[in-house]
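Here is a short tour of one protein chain, meant to be read with the structure open beside you. Have a look at it first, and then we can walk through the interior together.

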Amino acid sequence: MGDSSKDFLFFIVGFPGLQPKYYSLMAAFLLCIYIAVITGNSLIVVLFVIERSLQKPMYIIILSLSDIGFCTVALPKVISRYWFNDGYIGFYVCLFQRQLIHYFGTLNSLIMMIMALDRYLAICYPLRYPVLMTNRTMRLLIGFSWVTAMIAPTISLMQTMKLPFCGPNTIIHCFCDSLSMNQLACADATLTNLISYAVAMFVLLVPLSFIIFSYLSILVSVLRIANTQGRMKAFSTCATQLTIIAIYYVPRFMNSSQKIALVMFYSLLPPVVNPFIYCIRIKEIRQIFTFCFVQIAINMMLLSLFG
């Protein structure tokens with residue numbers, strides 16, 4: 001990395017072609033998404049902390065923390081770009097943002113794999129599940145994911161740091177990422193791009209392969225269940241995880257001419273909808289919310305009658 005890179009500034013374009021008259025509207029829209037993500041996922045985290053009955057599927061709280069982290073890294077700068085026309089970002093700040101963007105993406109992929117492993121053991125080995133998937137085992141798996149998720153982005157980052165940056169500085173994206181930065185290097189970045197692509201595919205496809213294997217095994221086990229009620233119960237226990245996994249993975253394999261819009265869609269959709277999925281599909285969370293809303297309604301009625 002050349003010395004000139006130290007003072008190099010990148011400019012975040014965001015959505016190319018967006019008319020300036022829509023900048024404030026876009027900033028407000030992204031801000032609403034950010035507030036929704038922080039509020040919804042923070043509420044899930046608080047509920048899991050205060051309610052012991054919810055602490056068994058520990059990966060849910062980690063997924064919520066990861067969603068909060070990703071949106072906090074990705075959104076404030078692009079909101080600033082559209083609201084205050086402040087699109088410039090320093091070289092090292094861009095590297096830091098890029099590292100965390102890919103870190104949280106890798107972490108989510110690993111958490112999805114843990115979710116699949118949990119359901120695989122619960123349905124395929126129900127008698128051994130309490131012994132195999134203890135709270136201690138889950139904590140170890142999650143801790144391992146938090147640490148190892150940093151390896152793949154660091155490999156890619158080290159390759160990018162070897163490149164000189166001295167010319168074009170326009171990042172055609174809403175945040176700094178590997179491909180966008182490598183394209184702006186003043187030297188041939190072919191090898192760096194290949195390494196970044198190989199690392200990204202490894203992070204994406206290895207967990208996905210295990211997830212596919214797990215749910216195919218679950219499907220075979222469920223079809224062996226004699227009664228229909230037992231089958232429906234087994235499928236129901238997987239519904240939440242399958243929905244979240246589908247929302248995370250399916251858009252990543254879609255081809256679209258609006259690449260940036262697609263990337264933002266599959267990056268921001270899971271953090272926004274996950275809290276709603278938890279509330280709908282997890283009985284304990286649904287009961288807590290129902291109780292809270294009933295208590296609030298009763299208090300409001302009492303205040304209106306006797307206040």
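Phe-10 is a good place to start: its relative accessible area is 0%, so this residue is buried. Please keep in mind that the model is predicted. From Phe-10 we can move on to the aromatic pairs, then to helix α6, the disulfide and the nonpolar cores.

**Aromatic pairs**

- The structure contains 12 aromatic pairs. One of them brings together Phe-10 and Phe-165, with ring centres 5.7 Å apart and planes at 80°, so this pair is edge-to-face.
- That pair bridges distant parts of the chain, since Phe-10 sits in strand β1 (residues 9-12) and Phe-165 in the loop between α6 and β3 (170-171), 155 residues apart.
- Phe-165 is also buried, because its relative accessibility is 0%, under the 20% cut-off.
- The rings of Tyr-23 and Tyr-82 make another edge-to-face pair, because their planes stand at 65°, with the centres 5.0 Å apart.
- Here too distant parts of the chain are linked: Tyr-23 belongs to helix α1 (residues 23-50) and Tyr-82 to helix α2 (residues 59-84), 59 residues apart.
- Tyr-23 has a relative accessible area of 18% and is therefore buried, and Tyr-82, at 3%, counts as buried as well.
- Phe-10 and Phe-165 come up again in an aromatic cluster, which they form together with Phe-91 and Tyr-92.

**Helix α6 and Thr-160**

- Which residues of α6 are buried? They are Ala-152, Pro-153, Ser-156, Leu-157, Gln-159 and Thr-160.
- These residues span an arc of only 160° around the axis, so they lie on the same side of α6.
- The cover over the buried residues of α6 includes α3 (91-124), α5 (135-148), α7 (178-182) and α8 (190-223).
- Thr-160 is part of this helix, which runs over residues 151-160. With a relative accessible area of 0%, Thr-160 is buried.
- The side chain of Thr-160 makes a polar contact of 2.9 Å with the side chain of Arg-98.
- Apart from neighbours within four places in sequence, Thr-160 is in contact with Leu-95, Arg-98, Phe-165, Met-181, Asn-182 and Thr-192. Phe-165 in this list is the residue that pairs with Phe-10.

**Ala-185 and the loop between α7 and α8**

- Ala-185 is located in the loop between α7 and α8. Its relative accessible area is 16%, so Ala-185 is buried.
- Once neighbours within four places in sequence are set aside, the contacts of Ala-185 are Leu-163, Pro-164 and Phe-165.
- Ala-185 and Pro-168 are 17 residues apart along the chain, and their C-alpha atoms are separated by 8.0 Å.

**Cysteines**

- How many disulfides are there? The count is one disulfide, and it joins Cys-94 to Cys-176, with an S to S distance of 1.9 Å.
- Cys-94 is in helix α3 and Cys-176 is in the loop between β3 and α7, so this disulfide ties together parts 82 residues apart in sequence.
- The disulfide between Cys-94 and Cys-176 is left-handed, because the torsion about its S-S bond is about -115°.
- Cys-94 and Cys-176 are both buried.
- Two further cysteines to look at are Cys-71, buried with a relative accessible area of 0%, and Cys-124, buried with a value of 19%.

**Nonpolar cores**

- In soluble globular proteins, nonpolar side chains tend to be buried together.
- The largest nonpolar core has 57 residues, and those that touch the most other members are Leu-30, Leu-75, Tyr-82, Met-112, Ile-218 and Tyr-249.
- Two or more residues of this core come from each of α1, α2, α3, α5, α8 and α9 (228-249). The element that gives the most is α3, with 16 residues.
- Beyond residues up to four places away in sequence, Leu-30 touches Leu-75, Val-78, Ile-79, Tyr-82 and Leu-268.
- A second, separate core has 16 residues, among them Phe-8, Phe-91, Cys-94 and Cys-176. Both cysteines of the disulfide are thus part of this second core, and Phe-91 is also a member of the aromatic cluster.

Methods: Residues numbered from 1 in each chain as written. Predicted model: local features only at pLDDT ≥ 70, side-chain atom pairs only at ≥ 80, totals over all residues. Heavy atoms only, no water. Helix = DSSP H or I, 4+ residues; strand = E, 2+ residues; numbered from the N terminus. Buried < 20%, exposed > 50% of the residue type's maximum accessible area, 1.4 Å probe, protein only. Polar contact = N/O pair within 3.5 Å; in protein donor to acceptor, adjacent residues only side chain to side chain. Contact = heavy atoms within 4.5 Å. Phe/Tyr/Trp six-rings, centres within 6.5 Å; stacked < 30°, edge-to-face > 60°. Arc of directions from axis to C-beta. Disulfide = S-S within 2.5 Å. Core = buried A, V, L, I, M, F, W, Y, C linked by side-chain atoms within 4.5 Å.
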